[in-house]
Amino acid sequence: MFNQLGIIGCGLMGGSFALAMKKAGLVKRVVGYSKSPSTTELAKRLGVIDVAAESALLAVSGSDIVLLAVPVSATEATLKAIRHMVNPNVLVMDVGSTKADVVAAAQRALGKHIDAFVPAHPIAGKESGGVQNAAASLYADCQVILTPLPQTNADLVQRATDVWSALGARVLKMTPENHDAAFAAVSHLPHLLAFAYFQSVAAQPAGRDYLSLAGPGFRDFTRIAASEPAVWRDILMANKAEVLVQSQRFRQALDAIETLLRDDDSAGLEARIRLISEARAQWNLTAPRPAK
């Protein structure tokens, strides 16, 4: 059990972590800080945190586990603000959706204390953010990717693994670079496509009429287009090199299908769709359970 959890960023992710830690009996006290005092106060009223701190540093003071649940672009400034409290006895993690930039920011901010930082990415979330939507079950049955560096304290990596496992998550480890390449393909590009596709329909002269006719397939395909704009601005910009690589691969696949249409090659089109459909069906048989 930890004596004190310091949460920096009392929104959906940070709030859910606090609730999950409390429910699992892994922490005695939770101290939270958010840039917006109203968020921190709401978190306290909801019982997500026990004490509202006036600064990130005060949230970390006395904590033996710290979670940064801030936009990835705020990682460096946040770590600089707390670095005097970071030591090998304090487990410091984040929940950012990109890792190479987060690791680089941590190296600049923490210097020799980088060994206490265990970068983490829980594959979980909801369409609606905010501490009011926090839930102790958010991390149950989800994957959590850890991307420790060679110099990361091995004991803290194990503690991080044990914490996430105790919350019901499945923990994997990979390099920051492999993480960003993989999630550009399976998360970041899909969001980019959903944003672009929804706009392409809605911006047409008859877009409103088309949207009124949309069914479950359209809703499923565009659901993530309602995601938090500032969060996805940061993610896409932070991982733009890998996202652009995946975008080009998508263009090539789309071009190939469009060519079959232009050539009136119905047999070729059916064969291409069959290959894709069978591959998707096979993946569905072995795919992990979706995050709740």
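Strand S1, residues 2-8, is where I'll start. In this predicted model, 6 of the 7 residues of S1 are buried, so the strand is largely enclosed by the rest of the structure.

Now its neighbours. S1 pairs with strand S2, residues 27-33, through 6 bridges, and the two run parallel. If you want a register point for that pairing, take Gln4, which stands opposite Arg29 in S2. Strand S4, residues 65-68, is also joined to S1, here by 4 bridges, and this pairing is parallel too. The register point there is Ile7, with Leu67 of S4 opposite.

How is the connection between S1 and S2 arranged, right-handed or left-handed? Helix H1, residues 12-23, belongs to the unit along with both strands, and the β-α-β unit they make is right-handed.

Staying with H1, let me move to the aromatic residues. The structure holds 6 aromatic pairs. I'll describe two of them. A pair of aromatic rings is described by the distance of the centres and the angle of the planes.

The pair that involves H1 is Phe17 with Trp164. The ring centres are 5.0 Å apart and the planes are at 55°; edge-to-face would need over 60 degrees, so this pair is tilted. Which parts of the chain does the pair tie together? Phe17 lies in helix H1 and Trp164 in helix H6, residues 154-166, so the contact links parts that are 147 residues apart in sequence. As for exposure, Phe17 is buried, with a relative accessible area of 0%. Trp164 is buried as well, and its relative accessible area is also 0%.

The other pair is Phe198 with Phe218. This one is tilted, at 6.0 Å centre to centre with 40° between the planes. Phe198 sits in helix H7, residues 176-202, and Phe218 in helix H9, residues 216-222, so the parts tied together here are 20 residues apart in sequence.

Are the two rings of this pair in the same exposure class or in different ones? Phe198 has a relative accessible area of 32%, which makes it partly exposed. Phe218 comes out at 16%, and the cut-off for buried is under 20%, so Phe218 is buried.

This pair is also part of something with more members. Phe198 and Phe218 form one aromatic cluster together with Tyr197 and Phe221.

To recap: S1 is paired in parallel with S2 and with S4. Phe17 of H1 and Trp164 of H6 form a tie between parts 147 residues apart in sequence, and Phe198 of H7 and Phe218 of H9 do so across 20 residues.

Key
Residues are numbered from 1 along each chain as its sequence is written. This is a predicted model: local features need pLDDT of at least 70, side-chain atom pairs count only at pLDDT 80 or more; totals for chains, interfaces and linings use all residues. Side-chain values use heavy atoms; hydrogens and water are left out. Buried means under 20% relative accessible area, exposed over 50%, partly exposed in between (1.4 Å probe, protein chains only). Two strands pair if DSSP finds at least two bridges between them. A crossover is right-handed if, with the strands pointing away from the viewer, the path from the first strand over the helix to the second runs clockwise. Rings of Phe, Tyr and Trp (its six-membered ring) pair if their centres lie within 6.5 Å; planes under 30 degrees apart count as stacked, over 60 as edge-to-face and the rest as tilted.
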